[in-house]
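Q: Please take a close look at one part for me: the contact between chains. Keep it brisk, and go on to helix packing inside each chain afterwards.

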Number of protein chains: 2
Amino acid sequence: MPRAPASDATLRERALRVVPGGMWGHLHAQRLPQGYPQFFARAEAGHIWDADGREYVDLMCSWGPIVLGHHDPVVDAAAARQAALGDCLNGPAPVMVELAERLVDRIPHADWAMFQKNGTDATTACVTIARAATGRRVILVAQGSYHGAAPWCTPVPAGTTDTDRAHQLRFRYNDVASLEAAADAAGDDLAAVIVTAFRHDNVVDQEMPTPEFALAMRRLCDRRGAALILDDVRAGFRLHRGGSWEGLGVRPDLSAWSKAIANGHALAAVTGSDALREAASRVFVTGSFWCAAVPMAAALATLQRLDELDAVAHMERLGRRLREGLAALAAQHRVGLRQSGPVQMPLFLFDGDAEFRQGSAFCRAALEAGAYLHPRHNMFLCAAHTDSDMDRVLDAADAGFRAVRRLAA
Amino acid sequence: MPRAPASDATLRERALRVVPGGMWGHLHAQRLPQGYPQFFARAEAGHIWDADGREYVDLMCSWGPIVLGHHDPVVDAAAARQAALGDCLNGPAPVMVELAERLVDRIPHADWAMFQKNGTDATTACVTIARAATGRRVILVAQGSYHGAAPWCTPVPAGTTDTDRAHQLRFRYNDVASLEAAADAAGDDLAAVIVTAFRHDNVVDQEMPTPEFALAMRRLCDRRGAALILDDVRAGFRLHRGGSWEGLGVRPDLSAWSKAIANGHALAAVTGSDALREAASRVFVTGSFWCAAVPMAAALATLQRLDELDAVAHMERLGRRLREGLAALAAQHRVGLRQSGPVQMPLFLFDGDAEFRQGSAFCRAALEAGAYLHPRHNMFLCAAHTDSDMDRVLDAADAGFRAVRRLAA
């Protein structure tokens, strides 16, 4: 029998007994200001409802996966059609071939695709394929970049060992000299460089890659016979219909995808160029649910809908409106607000707010006013967001700025 | 527009262009005798249909996840109810707490639970938690045991490095002396021992753990302050309603679960005892889809259905019938057949068949006759299998034995 609806507070108490710390990972509400809900009851389009029934315009979009909005009718119908046939089978369904073909058509660097469940599965497979292809070991990784939560990349060292990050060297994002120095240190053992689509490290201003940095990366990999891995897990399909570096004219050898690929269904993908194909066929990467057909049917429908709705342009237009509106409000309230990154994946940080007192006060007040924002992590727009959603977020932000003013008073 | 149905042969040709090697991992049909399909069109209860419309009684059950049968009406209804509310949200849905409570109620060693997507996520999290709890590094792993496909455990070395298996020492399954020797070699750096529920290594006869081995493992971990990790990913919920070692009276500190937990929905879990709770709250393991609510609703319904249907007993009864029937047929055809492992997860290997000529001929003929078997890997029964399904498998096996006899002729 279903239980009666439980409050967020009751659920937290119960969770504390049967889940370590009551929750874990990036969805832990203790990472958010007080007052944020931990549990969610339902969602629709660009809106969510917490366990207490409070509704919010949602600017986290489940931390990225929701790119069309919850319950997109075309995606839901495609998923239901495939589910009626079968999902997890003894091998892939025909839809896997269609999806691989669609990705190869859509993503200019891609000659092939493979599928997984987690973004971490995809980044890990990229590194493994690059090492198999080159017979070398060293991977260059930008300081502070997030590539997943496996021992080789998790940002928290608890439970990892001194060797989990062996054969990794660091460079600074957008710093060509540091990249070249790291490559020199790798010598003839350089297998790959892995880089996020833009600099979206936690808690610092976001940075778009400079064209010279992206080009230097491509040239370095070509010169040294190393693979350029684009980690497009977080940004993929929100910035461009193909790869996020298409606008820069720089194409990777391998890309990792996940989050937005199937509008919330669990799926990840690696795409690669022909030079990496043979190595990709030699590594052993797999999982019980990697070929499940329902998320693949959802992905096909998601990609189709992104095009039909001109979703990237829509998210850009609303994101620009939000950015300009927030800038105007910040000026009006005389609060120093820094906005960074692509407008459809906005981050804002307050000047002189190392302890996030301003950011927390702002977000708490905005939450009360019906907008679910994040004080430290980039947010995500989706295609179901509307102008009136942005109006509501700006109204909530006005309450947020007033809360920040009260802190200073 | 959906394409017209494509044949398995056409799909393979298309896949060869857009997927490395045309397929990858454990679902690659090249691991099976010729004639096996690569692509599947649909499934129902204990039956599957390939892309060419051929129907089979399915003894692989999607390599384990399908434990109730495809399209169990109660699981499907629970999943649909949760999907109508929301799946991938900004945090977990209330169903996560219910599922953690249910696992803690059901699994005697479990004081808490955490959720993931892949079995590999769960085994990796167990190792990470054990290392965090003990502040030590070495993990004892049985030779030949499969714990997943990440670089630390994948059975194929391509793309892995010399350090991916640092801090691992090997022992032999069911060999107490080798276990003690490995622990001695680890000295005071022993973090954990990881062990599969029974010995289900690829291509060799399966072995149940001896009570003395299980008990020695428990005592060794207690004596040395190391964690005993039971990898119940493959066997979990098919052998026992709680943990697979309950019958032995030996309880692990951490268990990894996946496969059958949600009847085909993508979900994995770690359960642990209170001694590991604090460490589990300190490690950073997470993924975009780990808290998706639909697979959790499916898991709750799956566990309920397993009990209602007395599924373990049903699978045991049919498995015993199948084992006895195969033994009788083998004797009748004077073919040396070794059957091993729990009857609901059967493996058969032919005597003197190092190159799998007999196994392949047998399975190919059985496939023709409508039974999908595996010549080298353990198989899986499910609660939807019927006596008449077993009759059909035995009829197909009769054709298989005749094919084996023809080889000898």
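A: Start with the count: 92 residues of chain A are in contact with 92 residues of chain B. Bear in mind that this is a predicted model.

Which elements build the side of chain A that touches chain B? Those giving two or more residues include three helices from the earlier part of the chain: α1 (8–18), α3 (94–106) and α4 (119–134). Two strands also contribute, β1 (40–44) and β4 (112–116). Helix α7 (277–282) of chain A completes the list. The top contributor is α4(A), with 8 residues. By class, this side of chain A holds 51 nonpolar residues, 27 polar ones and 14 charged ones.

Now the symmetry. Chain A falls on chain B after a rotation of 180°, with 0.0 Å of shift along the axis. The RMSD of that superposition is 0.0 Å. The two chains are therefore related by a two-fold axis. Where does chain A come closest to the rotation axis? The residue is A:Thr163, with its C-alpha at 3.1 Å. Both copies use the same surface: 100% of the contact residues of chain A recur in chain B.

Next, the packing within a chain. In chain A, take helix α5 (residues 176–186) and helix α6 (residues 211–224). Their axes come within 10 Å and cross at roughly 20°. That angle is under 35 degrees, so α5(A) and α6(A) run roughly parallel to each other. The crossing is right-handed. From α5(A), the contact takes A:Val176, A:Leu179, A:Glu180 and A:Ala183. These meet A:Glu212, A:Phe213, A:Ala216, A:Met217, A:Leu220 and A:Arg224 in α6(A). Sorted by class, the contact has 7 nonpolar, no polar and 3 charged residues.

Chain B offers another pair to inspect: helix α9 (residues 311–332) and helix α11 (residues 387–408). Their axes lie 10 Å apart, at an angle of about 25°. α9(B) and α11(B) are therefore roughly parallel to each other. Their crossing is right-handed. On the α9(B) side sit B:Leu318, B:Arg321, B:Leu322, B:Gly325, B:Leu326, B:Leu329 and B:Ala330. On the α11(B) side are B:Met390, B:Val393, B:Leu394, B:Ala397, B:Asp398 and B:Phe401. This contact divides into 10 nonpolar, 1 polar and 2 charged residues.

Definitions and conventions:
Residues numbered from 1 in each chain as written. Chains lettered and ligands numbered in written order. Predicted model: local features only at pLDDT ≥ 70, side-chain atom pairs only at ≥ 80, totals over all residues. Axes fitted to C-alpha atoms, helices over the stretch in contact; angles between N-to-C directions. Helix = DSSP H or I, 4+ residues; strand = E, 2+ residues; numbered from the N terminus. Parallel < 35°, antiparallel > 145°, perpendicular 65-115°, else oblique. Left-handed = near helix turned anticlockwise from the far one by under 90°. Contact = placed C-beta atoms within 7 Å. Nonpolar A, V, L, I, M, F, W, Y, C, P; charged D, E, K, R; others polar. Least-squares fit on C-alpha atoms with pLDDT ≥ 70 in both.
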